[in-house]
Structure formats: C-alpha cells, structure tokens
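Me: Hello! I am new to this structure and would like a close look at one part of it, with its surroundings explained as you go. Could you take me through it slowly?

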Amino acid sequence: MYVVDWLHKQALHRPDQTALVDLASGREWTYRQFNERASRVADYLLTRAGLQPGARVAVLAQNSSDYLELLYGCAKAGMVMVCLNWRLAPAELLPILQDAEPALLVYGQPFGATAEALRAQLPGLRARQAVVIGATGGAEQAGARGYEDCLAGACGDAIEMQPRGMDEVWHLLYTSGTTGTPKGVMQTYGMVYFNAVNCMLATGLSRHDVLLNVLPFFHTGGLNLYTNPVLHAGGTVHIMQQFDAGAALELLDSTVTLFLGVPAVYLMLSQHPAFGAARFRAMRHWSAGGSPMAHSLLELYQAKGVTICFGFGMTETGPTVFICDEATARRKTGTIGRPVGSMRTRVVLADGSDAGPGQRGELYIQGPGVTPGYWKLPQASAEAFVDGWLRSGDIAYFDDEGDHYIVDRAKDMYISGAENVYPAEVENVLFQMPQIADAAVIGVADAKWGDVGAAIVVLKAGQPLAPAELQAFCRARLSGYKVPKHVVVLDALPRTPSGKLEKHKLRSQFADLGTQEGTAP
Ligand code: ATP
C-alpha cells in the first residue's frame with residue numbers, strides 16, 4: 001500500500017484553484033503554483049543543499065505558505081520535516097534538535113538569534129548553510145541563505161513525489177510536553193492520508209471548502225486538522241500567522257466555510273466586540289477539540305445558531321479519532337460522538353475489561369491513523385500500546401447510543417477522601433460563574449483528605465469574587481468533596497500554544513497550598 005503525490009494530482013486536476021492564501025503576506029498560490037514551488041524546494045534540498053532522502057529538515061517558523069511548501073517539498077524529496085515549536089526557549093529546542101539530528105535548519109527571520117545560537121551547538125547544522133524565510137532583497141545572514149533565493153536558483157520542473165509507503169515517516173511533531181519531556185511523534189504518510197479520508201467522511205469536506213487555520217503548524221491541530229485534509233480534497237487554506245480574534249471573525253463572516261478552534265480560541269472569539277454582529281454567512285462546519293470545553297461556552301455559540309462539533313484527537317492519532325456530527329452535537333452538549341471512519345476505540349476498565357454504557361475507563365485507540373511510535377524511542381513506543389491498542393491516558397465513557405464523552409486526563413484526576421475528582425467537571429461549574437474569565441482546578445496534598453481541590457481562577461475586569469461565594473456556587477451544584485478547598489486568583493493561566501492548560505506548572509507552583517491555611521468549604 002502506498003500514497004501518490006496528491007499535490008501533483010491537484011495541480012493536474014484543478015491547476016487554477018486557489019490552494020493557499022497567506023494572510024500575513026497577502027500572497028495567494030494556486031495548486032499549480034503551490035506544486036511548482038514545492039518542487040523547487042525538493043530540487044533545492046536534493047541538488048543544491050545536497051541532502052540525502054531520509055534526512056531531517058528542521059523548521060523554526062511561524063505559519064506561512066512557505067511552511068507548507070517546505071512540508072510538501074520534503075515529501076517530494078523523501079525527507080522528514082521536523083516542525084519546531086517556536087515558542088520554546090533555545091534550551092528547550094536543543095534536546096529536540098539533538099534527538100531529531102536534522103541536516104538543515106530553516107528558520108523565520110524573527111528567530112535568527114535563537115537559530116544561530118542553536119546551530120553553534122550542533123555540529124551537523126553548523127557545517128551547512130541554514131535557510132531563512134522572509135529575508136528580503138537577497139539579504140543574507142551569516143551562514144544562511146534567503147528562502148526565495150533558494151527557490152529562484154532551483155529547477156522549476158514539477159518534481160513528482162515517488163509513491164510513499166504508508167509507514168514512511170513524513171514529519172515529526174514533538175508532543176507539547178504537558179506530560180513531561182517532549183517526544184517526537186512520527187507522522188507517516190498513511191496517518192495523514194487516513195486522517196484526511198476520515199475528516200472527509202465525518203464533515204463532508206470537499207474542494208469547495210475554504211478553511212481558516214489559526215492554530216500553529218508545529219501542532220497536529222494546525223497541520224493535520226484541517227490543513228492537510230483540505231489540501232487532499234483540493235480546497236483552499238487561509239493561513240493566519242498567529243491567532244487574531246478580530247481578523248478571524250471578519251473572515252468567518254465572509255468566505256470561510258470550515259473552522260477548527262481549541263476552547264481558548266472559541267472563548268477569545270466570543271469575547272471580541274465583533275462577535276455579536278457576526279453572521280457567519282458561508283460557514284458550514286465548526287470543529288473544536290484539544291481540551292475540555294466549558295458547556296456554557298458551547299451553549300453560548302448554540303444560542304447564536306452555531307453548533308460546535310466537538311471532537312477528540314491526539315498527536316499520536318493523526319489526530320482525528322472523534323468528530324461529533326452536528327445533529328448529535330445539538331442534542332447532547334459536550335459529546336465527541338462516535339469514532340470516525342477507520343478508527344476504532346475501546347473504553348477499558350482498571351481490570352482490563354471493556355466498559356459498558358456510563359462506565360468510566362481509559363480510552364484505547366486503534367486504526368490506520370495511529371502512529372507507529374516515537375522517534376528513536378522503541379521502549380516508550382512499546383509502552384504506549386497494550387495488545388496493539390494505543391493508550392490515550394484519558395478517561396472517557398459512552399452513553400446508551402454509543403456517543404462518547406471525555407471526562408478528563410487520568411493524570412489530572414485526584415482522590416479526595418477516597419473519591420475520584422475529575423477537575424474538568426468542577427471547571428465546567430466554575431465557568432458558569434459570570435465573574436470568571438478562566439479557570440483551572442488541580443488536586444493539592446491535604447493532611448486530612450489525601451488531596452483536595454484548588455481552584456485557580458482569572459476574574460473578569462472589575463468583577464470581584466470572594467472565595468466563599470465561589471465555594472457556595474460549587475456546593476449548590478456539586479458533591480461536597482468536589483468543592484475546591486482553596487481558591488487562588490491569577491492574572492492569567494499558563495497555556496500551551498495550542499491553548500491547553502499547563503497544569504503541571506500550576507501543580508508545581510501550588511504544591512504547598514495544602515499546607516497553608518485553606519479557605520474552609
Ligand atoms: P503531551 O502528550 O506532551 O502531554 P498533549 O497531551 O497536549 O501533550 P496532544 O497530542 O496535543 O498532546 O493532545 C492530546 C490530548 O488532548 C488528549 O490525550 C486529551 O487529553 C486532550 N484532548 C483532545 N481532545 C479533547 C477533548 N475533546 N476533550 C478533552 N481533552 C481532549
């Protein structure tokens with residue numbers, strides 16, 4: 001089984017269809033142009049830069065059409081692109097680069113100092129010229145060449161990608177590290193292909209779709225959902241360099257038909273002054289996922305006639321495992337629905353047996369969208385699976401109709417007086433309080449109860465909230481052991497670039513909270 005060069009195919013079938021709209025630079029490329037530029041990248045990599053197929057090409061850059069040309073150029077050249085999180089500090093990027101051992105570093109101009117500091121420490125990169133995206137007028141930095149100059153000097157004859165095996169690695173995405181040290185999740189051609197097919201089956205996406213992508217390309221949500229599926233289908237991708245709620249609302253109100261946001265993005269859109277008047281004229285499908293979403297937020301969109309189809313995915317699963325259909329999403333707030341197309345799931349109880357409806361257990365995943373493992377980590381890869389099923393580390397259940405719900409991450413659960421508490425349930429209640437702008441609940445050690453909850457909240461401007469009021473609100477809606485014993489107010493919560501709460505940071509910051517005087521519930 002293999003995949004062929006679908007970009008080349010799009011250029012043959014619909015050469016004049018717009019493929020990419022780069023909102024930051026204003027550049028637009030048709031499929032013919034996109035294919036031709038990706039071919040130039042491949043020619044540059046193979047002949048001018050002298051890299052061998054299989055070599056890694058690391059990219060440290062914000063979202064742009066150049067980024068996608070590099071990705072597809074790597075496919076045509078048989079190379080593995082390493083998508084680096086540009087928000088990381090050099091000390092965090094160094095171990096990733098040491099792990100991936102790239103032969104070439106491509107970087108965006110704003111990251112020049114970081115890139116050069118990293119190259120100085122990596123002999124494999126120091127030996128070669130790096131490539132800079134966005135260097136204008138042939139401006140060359142020390143030991144680096146401008147991206148456009150590289151393309152201009154490369155051969156423009158369309159290079160067609162050799163058929164690639166389903167298990168061949170196309171790119172590496174390092175996990176965001178919400179659970180510890182980043183690991184390079186191998187993204188194969190098969191994963192990307194089946195993810196695209198599954199997205200088409202689940203959402204009906206087609207060449208008529210216009211996607212607005214606001215998530216970073218170094219994250220699976222930005223690259224593989226829905227950017228790559230739309231490029232498989234022959235649709236148009238609007239690329240936003242960084243999320244901007246006002247600009248996003250303008251586009252969502254005009255030609256865009258398809259959108260994916262993490263809960264933090266949906267929250268920021270809803271808080272923008274233009275939200276109220278937006279009509280979302282062409283919008284056909286709204287997706288969300290990545291972390292638990294407050295039901296109050298889903299309902300706020302519902303009241304505006306927008307049904308957000310909540311889904312579930314992981315870097316390790318291509319990423320799509322669930323996308324709820326619109327009718328079910330309208331009927332059942334917060335469900336992720338049933339597994340998409342070729343993906344299979346189980347909910348597994350602590351004794352290894354399968355859960356029945358309503359029983360909470362760990363979500364296990366199988367299917368062609370699942371990664372073969374982590375780059376150069378055979379042991380961690382083997383440990384991620386049980387009898388061929390990927391362990392998600394998430395607690396889930398399904399109802400009588402087979403619709404699934406994510407309860408929380410297993411590791412975020414804490415035990416208070418022998419009772420399991422899932423913070424997402426408590427956070428959902430906190431988000432119903434009009435004073436609360438953002439909220440996280442963590443378990444902190446307590447001499448009497450083992451663990452108790454601490455609510456870390458961000459308040460809306462000019463809306464004070466006494467801890468006792470928060471606790472009374474929770475007590476009216478939750479069992480007593482779920483009511484946070486501690487309340488902390490912060491200016492902002494730590495989040496990853498994909499909007500996920502970095503609870504490990506809160507847990508270490510507030511580890512001693514339980515030894516301090518609590519706010520009596
Ligand atoms: P790391 O693996 O380093 O901890 P990460 O968990 O953020 O980072 P991703 O692959 O980006 O890695 O995210 C996958 C996780 O996101 C899932 O395991 C789950 O915890 C969470 N997630 C995804 N979709 C949902 C959802 N609909 N509801 C709740 N959580 C979700």
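Reply: Here is a walk around one helix and a neighbour of its start, followed by a second stop at a hairpin and some unusual backbone spots.

This is a predicted model, in which local features need pLDDT of at least 70, side-chain atom pairs count only at pLDDT 80 or more, and totals for chains, interfaces and linings use all residues. Residues are numbered from 1 along each chain as its sequence is written, and side-chain values use heavy atoms, leaving out hydrogens and water.

Let's begin with helix α3, which runs over residues 65-77 (helices are DSSP runs of H or I with at least four residues, strands are runs of E with at least two, both numbered from the N terminus). From its first C-alpha to its last, α3 reaches 18 Å, close to the 18 Å expected for its 13 residues (1.5 Å times one less than the number of residues). The helix is mostly covered, with 13 of its 13 residues buried (under 20% relative accessible area with a 1.4 Å probe and protein chains only; exposed is over 50%, partly exposed is in between).

Both ends of α3 have something to show. At the start, a side-chain oxygen of S64 comes within 3.3 Å of the backbone nitrogen of D66. Just after the helix, G78 has a positive phi of about 75°.

S64 also leads us to D22, a residue in strand β2 (residues 18-22). D22 touches R27, S64, S65 and I239, leaving aside residues up to four places away in sequence (contact means heavy atoms within 4.5 Å). D22 is buried but has no salt bridge (a side-chain nitrogen of Lys or Arg within 4 Å of a carboxyl oxygen of Asp or Glu). R27, 5.0 Å away, is the nearest side chain of opposite charge (Lys and Arg count as positive, Asp and Glu as negative; His and the chain ends are not counted). A polar atom of the D22 side chain does lie 3.2 Å from the backbone nitrogen of A24.

Now for the second stop. Strands β21 (residues 389-398) and β22 (residues 404-409) pair in the antiparallel sense over five bridges (pairing needs at least two DSSP bridges). They form a hairpin with five residues between them, and G402 in the turn has a positive phi of about 85°. Y397 stands opposite Y405 in β22.

Y405 brings in I336, which sits in the loop between α13 (326-331) and β18 (344-348). The residues that I336 touches, not counting those up to four places away in sequence, include H404, Y405 and I406, as well as F310 and F322. With a relative accessible area of 1%, I336 is buried.

Finally, some backbone oddities. Most residues other than glycine have a negative phi, and most peptide bonds are trans. D387, in the loop between β20 (385-386) and β21, has a positive phi near 50° and counts as exposed at 72% relative accessibility. F280 also has a positive phi, about 55°, although it is not a glycine; F280 is buried, at 8% relative accessible area. The peptide bond from L225 to Y226 is cis, with omega near 0°, and Y226 lies in helix α9 (residues 220-233). Another cis bond joins G318 to P319, with omega near 5°.

How values were computed
A polar contact is a pair of N or O atoms within 3.5 Å; within protein, one must be able to donate a hydrogen and the other to accept it, and residues adjacent in sequence count only if both atoms are side-chain atoms.
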